[in-house]
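Thank you all for coming. I would like to walk through one model this morning, and I will put the sequence and the structure on the screen before I say anything about them.

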Amino acid sequence: MLEKRTPIPVTEAIDKCLQHAKYKIVTNKYYTDSLGYTLAEDIIATYDIPMFDKSPYDGFAIVSEASEGASGDARKAFKVIDHIGAGHVSDAQLKDNEAVRIMTGAPIPEGADAVVMLEQTSLIEKGFTLRKPFTPGENISRQGEECKQGEVVIPKGTQITAGVIAVLATFSYEYVNVYHKPTVALIATGSELVEMNESLAPGKIRNSNGPMIASLCKAMGIKVKDYRVHGDDFDALYEVVRDALDAHDIVITTGGVSVGDFDFMPEIYNKLSAEVLFNKVAMRPGSVTTVAVSHDKFLFGLSGNPSACYTGFELYTKPVLRKMMGQSEVYPTVVKATLAEDFTKANPFTRFIRADLDYRNMTVAPSGFNKSNAVIAIAKSNSMIVLPGGTRGFKQGDTVDVLLTELSCEDSSW
Ligand SMILES: Nc1nc2c(c(=O)[nH]1)N[C@H]1C(S)=C(S)[C@@H](COP(=O)(O)OP(=O)(O)OC[C@H]3O[C@@H](n4cnc5c(N)ncnc54)[C@H](O)[C@@H]3O)O[C@H]1N2
Ligand code: MOO
Ligand SMILES: [Mg+2]
C-alpha cells in the first residue's frame, strides 16, 4: 500500500536537521591555510590597537596650545626640530612653537598633542606657518581606540574570511584552532542519467544535479567525493549508499525520493535502519525532500528535479554543513524586497522561486521559467522569493521575503 506522507513546515524541517547536526572536531591550521574554516577559539587582542598614540596623517606634530589664535591674517610659525617616518620614534620633547615633521603611522612625540596635515601648512625656511588653531587630541589616533588588550575581537564560531586572517596576522595567531569540515559523498541516482561525454540516447538526460551540488559544496570550501551516476537498481544503489555512509559524515543523493516504482531511496533508508526526520515538507518545489540520520551521520535525499534539488540543498543541507563546520550563523539570510512583477499563481505550500534580486533598489523578480524541473533559472538567480503557503495573487509593488543564495565569502580555493 502507498505510504502516506505528512508534510511538515519548512522551518520545522530546518530545525529538525539542525538538532541532529553535532559533529565538531577541533584541528589546528597554519593561519593562512585557515581561510573558509570556522574558528574553534575566541581571538583575543594581545595588545591595544593602536598600540601607541599615532599620527593618521603626513604632516607635523605640534603642541596645540601654541596654535591658539592662528588665522589667515595672523599665521603662527613653528620650528621643525625633528623628522620621523612610520617605524621610528622621535626623542624630541616638544615645547611651545616647536614641531616634529611626522608621517602617517609614526608615534606622537612627547609633548605633542595634535597633528597638522601637510596641506594645512605653508612651508618656510626651518618650519611652517598655520592659519587655524588646533584642539588637544586633534588628528591623533589614540592608543586602544580600535580595541583593548584582552578583548575578544572575533568570537569562536566565526567563519574565517580575509578580514579574519588580517586579525590573526595582527595578533600573531600563527596556528589557530578551527573545526574540521564534514566529509561529503554525492550520488546522482537515475537510470535516465548520462554524464557529460556520453551520448544522449532517447529518454536519457544529462546529470546536471551532480555537478551543481558538488559546486555548491565546493563554494562552501567542502570537498565532495563524487560517486557519480547510479542507475535505479535497488541492490547496487543500496551498496553504494551504504559504502558512502561508512566513509563519510554526509551522503547527498539526488533523485529517487518520490513514490515512483524506481524511487528506491525510501526503501534504502529503511534497510539502513536510518531515522527519517521527514520525507515531505510543505514547500514547492522540493516537497519530497527527505532527510535521514544514522549515528550522527546525515543522508540528504534531494529531489531529482533540478530546481527542487537546489532548493533542498539551500534550505536543509547548507545549514547542516554550516553547523557541522562549527559556524554560529547557520540559517539562510532573508531580506525584504519589492516584487517587480505580478505573481498570480496560488501557493498551497510555501513557494520558493529562483529569483534575481536587484541590490541597488531592492526589487526582485523570478529569474526565468520556474517549474521544479527548471535548470536555467537557477543559473540566473542570486536569491529565492519566499511566498507563504495559503496565499495567492501577489502584485508588483508587494513586499516579499527573499532568501539570499549568492555565494559570498566562502572559500573555494581547493
Ligand atoms: N505521484 C506522485 N508523483 C510525484 C510526486 C508525488 O508527490 N506524487 N512528487 C513530484 C515531485 S514534487 C517531485 S520534485 C518529483 C521528485 O522525484 P524524485 O526525487 O523521486 O526524482 P526522480 O524521480 O529520480 O527524478 C525526477 C525528475 O528529475 C530528473 N532528474 C533526476 N536526477 C537528475 C539529475 N541528476 N540531473 C538532472 N535531472 C535529474 C529526472 O529525470 C526526472 O525528470 O517527483 C514528482 N512526482
Ligand atoms: O518536490 Mo516537487 O519539486 O515539489 O515539484
Ligand atoms: Mg521519482
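How many bridges join β15 to strand β19, and in which sense do the two strands run, parallel or antiparallel? Please keep in mind, as we go through this, that the model is predicted. The answer is that five bridges join β15 to β19, which spans residues 297-302, and that the two strands run parallel. To give you one position to look at in that pairing, V251 has L299 of β19 as its bridge partner.

Let me stay with β15, since there is a second pairing to describe. Strand β11, residues 184-189, pairs with β15 in the parallel sense, again over five bridges, and here I187 is the residue that stands opposite T253 of β15. As for the surroundings of β15 itself, which covers residues 250-254, the strand is mostly covered, with five of its five residues buried. If you look at the two faces separately, I250, I252 and T254 lie on one side, V251 and T253 lie on the other, and all of them are buried, so both faces of the strand count as covered, given that buried means under 20% relative accessible area.

There is also a record to mention for this part of the chain. An unreviewed UniProt entry carries the annotation "domain: MoaB/Mog" for residues 185-323. Over that range the chain is 36% helix and 27% strand, and the C-alpha atoms at the two ends are 17 Å apart.

One of the helices is α4, residues 234-247, and D243 is found in it. Is D243 buried, exposed or partly exposed? D243 counts as partly exposed, because its relative accessibility is 38%, and the class between buried and exposed runs from 20% to 50%. The side chain of D243 is joined to that of R242 by a polar contact of 3.3 Å. D243 and A185 are separated by 58 residues in sequence, while their C-alpha atoms are 9.8 Å apart in space.

Now to ligand 2. The residues around it are R284, P285, G286, S287, V288, A308 and S372, and by class this shell has three nonpolar, three polar and one charged residues. Taking the individual distances in turn, an oxygen atom of ligand 2 is 2.4 Å from a polar side-chain atom of S372, an oxygen atom of the ligand is 2.6 Å from a polar backbone atom of G286, and an oxygen atom is 3.0 Å from an N or O atom in the side chain of R284.

Finally, I would like to turn to another sheet. Six strands form an open sheet with mixed pairing, in the order β6-β3-β5-β4-β8-β7. Its edge strands are β6, residues 114-117, and β7, residues 121-124, each of which pairs on one side only. Neighbouring strands of this sheet are turned against each other by 40 degrees on average, with direction ignored.

Starting from the β6 edge, β6 and β3 pair in the antiparallel sense over four bridges, and A61 has V115 of β6 as its bridge partner. Strand β3, residues 59-62, also pairs with β5, residues 98-102, in the antiparallel sense over four bridges, where I62 stands opposite A99. At the other edge, β7 is joined by four bridges to β8, residues 127-130, and these two run antiparallel, with T129 of β8 as the bridge partner of S122.

Methods
Residues numbered from 1 in each chain as written. Chains lettered and ligands numbered in written order. Predicted model: local features only at pLDDT ≥ 70, side-chain atom pairs only at ≥ 80, totals over all residues. Heavy atoms only, no water. Near = heavy atom within 4 Å. Polar contact = N/O pair within 3.5 Å; in protein donor to acceptor, adjacent residues only side chain to side chain. Nonpolar A, V, L, I, M, F, W, Y, C, P; charged D, E, K, R; others polar. Buried < 20%, exposed > 50% of the residue type's maximum accessible area, 1.4 Å probe, protein only. UniProt positions renumbered as here; feature names shortened; annotations may be inferred. Pairing = 2+ DSSP bridges. Axes fitted to C-alpha atoms, helices over the stretch in contact; angles between N-to-C directions.
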